[in-house]
4 protein chains.
Amino acid sequence: MGKKIDLNCDMGESFGAYHIGNDEALMGLVTSANIACGAHAGDPLVMDRTVRLAARHGVSIGAHPGFPDLAGFGRRAMQLTPEEVENTVLYQVGALAAFARSAGSGLAHVKPHGALYNMAARDIDVARAIARGVARAGVDVIVVGLAGSVMIEAAREAGLRVAREGFADRAYEADGSLRSRKLEGAVIHDPETAAERAVQIARDGVVTACTGEEVPLQVDTLCVHGDTPGAIEIAKAIRRRLAEAGVEVVPLRCLAL
Amino acid sequence: MGKKIDLNCDMGESFGAYHIGNDEALMGLVTSANIACGAHAGDPLVMDRTVRLAARHGVSIGAHPGFPDLAGFGRRAMQLTPEEVENTVLYQVGALAAFARSAGSGLAHVKPHGALYNMAARDIDVARAIARGVARAGVDVIVVGLAGSVMIEAAREAGLRVAREGFADRAYEADGSLRSRKLEGAVIHDPETAAERAVQIARDGVVTACTGEEVPLQVDTLCVHGDTPGAIEIAKAIRRRLAEAGVEVVPLRCLAL
Amino acid sequence: MGKKIDLNCDMGESFGAYHIGNDEALMGLVTSANIACGAHAGDPLVMDRTVRLAARHGVSIGAHPGFPDLAGFGRRAMQLTPEEVENTVLYQVGALAAFARSAGSGLAHVKPHGALYNMAARDIDVARAIARGVARAGVDVIVVGLAGSVMIEAAREAGLRVAREGFADRAYEADGSLRSRKLEGAVIHDPETAAERAVQIARDGVVTACTGEEVPLQVDTLCVHGDTPGAIEIAKAIRRRLAEAGVEVVPLRCLAL
Amino acid sequence: MGKKIDLNCDMGESFGAYHIGNDEALMGLVTSANIACGAHAGDPLVMDRTVRLAARHGVSIGAHPGFPDLAGFGRRAMQLTPEEVENTVLYQVGALAAFARSAGSGLAHVKPHGALYNMAARDIDVARAIARGVARAGVDVIVVGLAGSVMIEAAREAGLRVAREGFADRAYEADGSLRSRKLEGAVIHDPETAAERAVQIARDGVVTACTGEEVPLQVDTLCVHGDTPGAIEIAKAIRRRLAEAGVEVVPLRCLAL
């Protein structure tokens with residue numbers, strides 16, 4: 001059986017008169033869309049438009065819940081209690097799921113956003129709160145979390161399917177963790193280099209760490225950043241190189257997770 | 001077959017550290033709860049708590065979508081486009097429905113709140129936008145609207161079940177419309193008078209207008225205000241008088257609408 | 001004495017991660033900046049940055065208070081009470097004035113935004129509420145209002161200086177009122193036509209109505225839209241044609257109002 | 001010269017239809033009011049009302065800036081950058097100062113709220129950002145910070161006057177720090193015990209730690225909590241006991257800081 005991988009991308013981050021991202025172009029290049037739910041970004045009209053766009057492209061529709069902090073775009077850590085995290089996740093997932101159903105599709109996955117994603121990767125209480133919120137939504141969705149992190153563990157504990165996420169455009173440390181954005185070389189800007197790493201991760205299950213050695217990295221989905229300069233070029237290069245390497249790119253809902 | 005009526009009440013209007021209303025006491029006196037959805041009032045924790053409280057009491061769980069105006073508590077008219085109304089209703093209904101499902105209940109009804117309710121009663125475009133938003137939520141819910149208003153008409157057009165609402169503690173004009181709150185005598189404060197009118201409406205299908213004549217008024221549900229002084233006393237008096245008159249008080253979901 | 005006019009433009013409408021407008025380029029072309037105050041747009045960082053940018057260019061710093069409706073960008077009418085309008089104006093003006101002082105400048109003017117501007121032009125209660133809010137800020141500022149509207153009247157009543165505003169890129173009716181945006185030909189897109197009208201208004205005190213006749217139009221400031229395609233080209237054309245016509249373009253604070 | 005102390009209390013925390021606190025009663029018992037500025041609590045109408053109430057009572061008017069998190073009442077830590085802290089403080093102080101001026105009073109002090117207060121007490125970068133924001137407001141105000149904390153240090157560095165704050169109803173550790181609220185006995189509920197400690201702190205400059213020894217504690221102002229049960233009783237007991245002990249209670253603006 002050939003190798004398969006999903007490409008996911010954050011979408012629907014516009015708000016009212018404010019436009020962000022390039023959803024139209026990227027929707028044709030990825031297979032799963034993480035759609036903002038009105039807390040850190042997005043609004044009901046944007047959610048509606050983005051869900052329909054994803055449905056037209058056969059892209060898996062996912063909820064992308066974040067901290068209720070529009071001014072900070074969900075990128076600032078906030079000390080919510082686990083109960084607050086759980087219920088804000090249920091709220092956001094429930095809202096997005098209604099748009100997905102209305103578009104004749106189902107909600108396929110949930111991926112926490114920004115600071116919530118980062119906290120979920122290292123704080124088991126936050127991860128479990130997210131998992132409870134998702135589980136309570138009562139739709140059979142996949143939780144996307146950082147490969148090797150406690151988010152994966154917490155989602156499995158809660159009986160949810162999980163997709164382990166990797167990054168073709170981020171450097172990894174020798175222990176398999178992501179290199180901090182505060183350090184030099186944390187982000188890879190060259191499309192071909194990113195594409196090559198995508199192949200390495202997807203086909204071979206390894207990634208070359210910034211220290212030079214190859215470390216194992218099992219992932220089900222690769223994140224394609226939509227808001228970086230050259231996002232389209234990186235996405236195109238990844239698609240081309242994966243195709244050349246015989247790796248099939250399929251939506252999350254089509255993976256056996 | 002005996003007469004039946006529902007008693008509905010706005011609930012779950014607290015927000016964060018802010019507490020409003022007397023949900024604990026009122027939940028035992030009414031049969032349907034209109035629960036704020038986080039736009040004009042309410043937050044995920046409050047929604048969760050209120051939905052569970054309603055479920056424990058066997059009270060019909062309803063979404064109470066309003067304008068996204070917490071500072072104005074949804075009581076200030078806002079000129080949203082029909083498309084904005086439709087999608088904000090779908091958003092709010094979707095979120096509340098997720099909490100209802102998670103509590104092992106279904107969403108039974110939707111009642112627009114405040115300024116949105118008032119606009120829906122007289123503006124067919126707003127009413128139709130609400131109906132579309134509810135219909136798209138894809139759950140078989142009842143729309144609660146002012147008896148005789150275009151909201152009822154628009155919901156029926158959209159193929160939705162409707163519940164016609166009346167007010168035991170509000171004066172009516174000779175044409176069957178509600179007396180404006182700006183006019184004297186618009187609100188009835190005496191519990192026994194309100195309760196007597198509740199019986200008149202529920203059992204006899206008429207109400208005595210402020211001009212003295214009896215006018216026909218067909219309603220399926222009576223609104224019990226939760227935020228007025230004496231709310232508990234009025235609710236208790238209505239329950240007692242309806243029981244004495246042989247009118248059965250049942251949740252919206254148990255009415256043949 | 002030669003003719004003088006001010007050119008004003010809305011600025012500082014970005015919010016958090018959301019970028020709108022072209023403030024850097026436009027700041028060199030206009031003489032007064034209406035800076036969003038965090039209600040319909042803008043945030044403290046954006047206000048700080050925009051105020052400093054205006055100060056560096058010698059552009060008059062103005063507060064641009066709007067309805068507290070970020071999702072609607074202040075363009076949706078909201079039924080606030082006069083007391084609410086008055087106090088939200090004072091709040092927003094007070095906040096912006098602090099940034100202006102901190103940048104070593106003073107607050108020169110206040111121009112209501114969007115739906116608030118439109119309501120202020122035709123509803124004397126709203127106009128007076130705005131004037132009271134501005135007057136209470138206790139800084140000697142100029143109120144910018146639609147020429148010929150009740151906003152001008154209300155500000156004068158309150159003892160405030162006023163600047164009458166006209167639009168070079170909008171069609172006028174024969175009675176001197178703005179042609180509704182719902183009607184064809186309401187907006188002028190050609191830079192040279194707009195520039196020609198700017199000269200006609202600034203130098204001659206008249207404008208050719210859409211019915212063909214010249215109607216008198218006394219204005220102190222012309223609005224330059226920053227968010228339309230071709231905004232920069234229109235602004236440049238206006239500057240050039242006004243210079244050729246011998247009309248001096250000066251900041252609001254330098255006009256004898 | 002006799003001993004003097006200020007009693008400060010958080011005020012103006014209502015929002016729209018939501019009412020919190022007992023400002024009317026407490027305003028007659030304290031000498032300085034920390035008034036919410038619309039970010040974590042408060043709105044323009046509430047600010048106006050509270051500022052006027054303080055002015056009528058001769059109570060020092062202070063700004064009480066907090067994190068922009070109404071849902072969390074400013075009690076949840078948020079990772080803002082120093083630049084964001086500085087500018088949100090300037091924004092909130094500027095807005096409140098406008099209401100103070102409009103009421104014929106000046107802004108006397110600034111006290112950070114909730115999670116921002118706690119971060120300012122232990123994180124010098126946050127403390128300095130707050131101090132810069134206050135200094136830029138350009139009004140000669142006093143910064144209120146936890147006695148012995150880096151907030152005091154940062155405000156002094158910035159050339160601002162400071163008031164060191166103590167708590168009569170909180171237990172202290174042997175090193176003079178506040179006992180964590182997570183530990184037993186952290187909060188003192190008995191009015192007479194609190195009042196006795198107020199005298200001990202204000203007159204003698206010491207406090208009995210929970211370990212039994214007396215530790216020095218130099219404070220200029222004592223915090224009176226407004227939102228605890230028995231707040232009024234505690235405030236009255238403190239006033240009475242301070243009067244009996246010959247300690248004069250005066251507004252912050254009347255202290256030689």
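Visitor: Which residue of chain B comes closest to the rotation axis, going by C-alpha?

Guide: The model is predicted, with local features needing pLDDT of at least 70, side-chain atom pairs counting only at pLDDT 80 or more, totals for chains, interfaces and linings using all residues, and side-chain values using heavy atoms, with hydrogens and water left out. Residues run from 1 along each chain as its sequence is written, while chains are lettered from A and ligands numbered from 1 in the order in which they are written. At 3.0 Å from the axis, the closest C-alpha in chain B is that of B:Tyr18.

Visitor: What rotation puts chain B on chain D?

Guide: The copies are superposed by least squares on C-alpha atoms of residues with pLDDT of at least 70 in both. Chain B then lands on chain D with an RMSD of 0.0 Å and 0.0 Å of shift along the axis, and the rotation is 180 degrees.

Visitor: And how much of the contact surface of chain B recurs in chain D?

Guide: Contact here means heavy atoms within 4.5 Å, and 13 residues of chain B touch 13 residues of chain D that way. After that 180 degrees rotation, the same surface turns out to serve both copies, and the share of chain B's contact residues that recur in chain D is 100%.

Visitor: How many charged residues sit on the side of chain B that touches chain D?

Guide: Chains B and D bury about 1,000 Å² between them, 72% of it on carbon and sulfur atoms (accessible area, 1.4 Å probe, lost on being put together and summed over both parts). The rule finds two residue pairs in polar contact there, both residues at pLDDT 80 or more (N or O atoms within 3.5 Å, one able to donate a hydrogen and the other to accept it; sequence neighbours count only if both atoms are side-chain atoms). With Ala, Val, Leu, Ile, Met, Phe, Trp, Tyr, Cys and Pro as nonpolar, Asp, Glu, Lys and Arg as charged, and the others, Gly among them, as polar, chain B's side has eight nonpolar and four polar residues, and its charged count is one.

Visitor: Over to chains A and B: which three residues of chain A lose the most area to chain B?

Guide: Each chain puts 21 residues into this contact. The two bury about 1,800 Å², 60% of it on carbon and sulfur atoms. On chain A's side, 34% of the buried area comes from A:Leu45, A:Tyr91 and A:Arg136.

Visitor: Which residue of chain B does A:Arg136 meet in a salt bridge?

Guide: The rule finds two salt bridges across the A and B interface, counting a side-chain nitrogen of Lys or Arg within 4 Å of a carboxyl oxygen of Asp or Glu. In one of them, at 2.6 Å from N to O, the partner of A:Arg136 is B:Asp48.

Visitor: Which element of chain A gives the most to the side touching chain B?

Guide: There are six residue pairs in polar contact across this interface, both residues at pLDDT 80 or more. The elements giving two or more residues to chain A's side are helix 2 (44-57) and helix 3 (82-102) (helices being DSSP runs of H or I, at least four residues, and strands of E, at least two, numbered from the N terminus). With twelve residues, the top contributor is helix 3 of chain A.

Visitor: Which C-alpha of chain A is nearest the axis relating chain A to chain B?

Guide: A turn of 180 degrees with a shift of 0.0 Å lays chain A on chain B at an RMSD of 0.0 Å. That makes the relation one of a two-fold axis. At 2.2 Å from that axis, the nearest C-alpha in chain A belongs to A:Ala95.
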